[in-house]
Amino acid sequence: MQQAVLWAAAGTGFTFFMTALGAAMVFFFRKAAGPAVQRVFLGFAAGVMVAASVWSLLIPAMEEAEAAGLPGWLPAGGGFVLGAAFLMLLDGLLPHLYLNAERPEGLPAHWQRTTLLVLAVTLHNIPEGMAVGLSFARAAQHGSEGAVLSAAWALALGIGIQNFPEGAAISLPLRQGGFSARGAFVRGALSGLVEPVFGVAVVLAAGQIQPLMPWMLAFAAGAMIYVVVEELIPEASLGEHSHSGTVGVLAGFLVMMVLDVALG
């Protein structure tokens, strides 16, 4: 258990560091990326999350279930539905505002626009933290088996890569909106703090009830696919006759797939 928690903390700590590193771009640039570049980054994140959901979460969930004598589809399908429902519930309750949206979503709240923007990113960082944490918990359960541990680090690397532009996408608009560079950096970095929190939390839960591991892996996959369909793909597709978001999705999927197959 202790090893699993330490690995999960290291993996999600890396993804949080990449978010903070992206947010630090506010010290070097004042302007946010143009719409076309933003679409590429959003599409890239979507592609990474789709590939990670399949190779790093759903397939391992089926393998874990079959090794325990269960039909592989049962926990994979059930956990997937529960994960999507969980994010749908949070999406309906937590006040948040997507970057290019005019009206906030969730319950009514008289919060600043900047707070709502940070909460929107925080919301979709939750399943990312869960996914990385569970991958390292699974590696610990397999006795540090090389392939399983490598796959966990591949997932952390893929999520970390897409977190870099995500951090910048929060801090740079805040800087343009009147925040100091330091204030914009802190808010951008804090949007990724939820990843270590949820990453370690699910490891502790999985350690207490080990048979739930296949369900929890699929749960994280369902939560990530919900974010992709609800937020990332629509945002990446904005713009008339634009292929930039599509290229980003394909690139992200390819990078995550190669990382998982090559390292895992």
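Tutor: Let's start with what counts as a helix: a DSSP run of H or I at least four residues long, while a strand is an E run of at least two, and both are numbered from the N terminus. By that rule, Phe198 lies in helix α7. Before you zoom in, remember that this is a predicted model, where local features need pLDDT of at least 70, side-chain atom pairs count only at pLDDT 80 or more, and totals for chains, interfaces and linings use all residues. Residues are numbered from 1 along each chain as its sequence is written, and side-chain values use heavy atoms, with hydrogens and water left out.

Student: Okay, so what is the mean pLDDT of the chain?

Tutor: pLDDT is the predictor's confidence in each residue, from 0 to 100. Here the chain averages 87, and 93% of its residues get to 70 or more. Helix α3 (residues 73-93) has the highest confidence, at 94, and helix α7 (residues 194-208) the lowest, at a mean of 85. As a habit, don't read predicted coordinates in detail where pLDDT is low.

Student: Back to Phe198, then. Which residues is Phe198 in contact with, leaving aside its neighbours within four places in sequence?

Tutor: Contact means heavy atoms within 4.5 Å. With those sequence neighbours set aside, Phe198 touches Ile126, Gly129 and Met130. Its C-alpha atom is 7.7 Å from that of Gly133, although the two residues are 65 apart along the chain.

Student: Is Phe198 buried or partly exposed?

Tutor: Go by relative accessible area: buried is under 20%, exposed is over 50%, and partly exposed is in between, using a 1.4 Å probe and protein chains only. Phe198 comes out at 26%, so it is partly exposed. For a contrast, try Gly69 in the loop between α2 and α3. Gly69 has 64%, so it counts as exposed. The C-alpha atoms of Gly69 and Leu42 are 39 Å apart, with their places 27 residues apart in the chain.

Student: Which residues have the most contacts inside the largest nonpolar core?

Tutor: A nonpolar core is a set of buried Ala, Val, Leu, Ile, Met, Phe, Trp, Tyr and Cys residues joined through side-chain atoms within 4.5 Å. The largest one holds 54 residues, and Leu57, Leu134, Phe136, Leu155, Leu232 and Met256 have the most contacts inside it. At least two residues each come from α1 (2-23), α2 (35-67), α3, α4 (113-141), α5, α7, α8 (213-236) and α9. The top contributor is α8, with 13 residues. There's also a second, separate core of 11 residues, and Met25, Leu172, Leu174 and Ala181 are among them.

Student: What does Leu232 touch, apart from neighbours within four places in sequence?

Tutor: Leu232 is in contact with Leu42, Ala45, Ala46, Met49, His124 and Val227.

Student: And where is Val26 found?

Tutor: Val26 sits in the loop between α1 and α2. With a relative accessible area of 3%, Val26 is buried. Beyond four places in sequence, its contacts are Ser171, Leu172, Arg175, Ala181, Ala184 and Phe185. Now look at helix α6 (residues 181-190), where Ala181, Gly183, Ala184, Gly188 and Ala189 are buried. The buried residues of α6 pack against α1 and α5.

Student: How many salt bridges does a search of the whole structure find?

Tutor: A salt bridge is a side-chain nitrogen of Lys or Arg within 4 Å of a carboxyl oxygen of Asp or Glu. The search turns up two. In one, Glu63 pairs with Arg138, and their closest N and O atoms are 3.4 Å apart. That pair links distant parts of the chain, 75 residues apart: Glu63 is in helix α2 and Arg138 in helix α4. Glu63 is partly exposed, at 43% relative accessibility, whereas Arg138 is buried, at 11%. Glu64 and Arg138 also meet, at 2.8 Å from N to O. Glu64 is in helix α2 and Arg138 in helix α4, so this pair ties together parts 74 residues apart in sequence. Both Glu64 and Arg138 are buried. Shared partners join Glu63, Glu64 and Arg138 into one network.

Student: Last one: which residues form the nonpolar patch on the surface?

Tutor: Patches are made of residues with over 30% relative accessible area and no salt bridge; like charges are joined within 9 Å, and nonpolar side chains (Val, Leu, Ile, Met, Phe, Trp, Tyr) within 5 Å. Areas come from the Shrake-Rupley method with a 1.4 Å probe, and for residues only the protein chains shown count as cover. Here Leu157, Ile161, Val255 and Leu263 form the patch, with about 260 Å² of accessible area together. The elements giving two or more residues to the patch are α5 (146-176) and α9 (244-263). Val255 belongs to helix α9.
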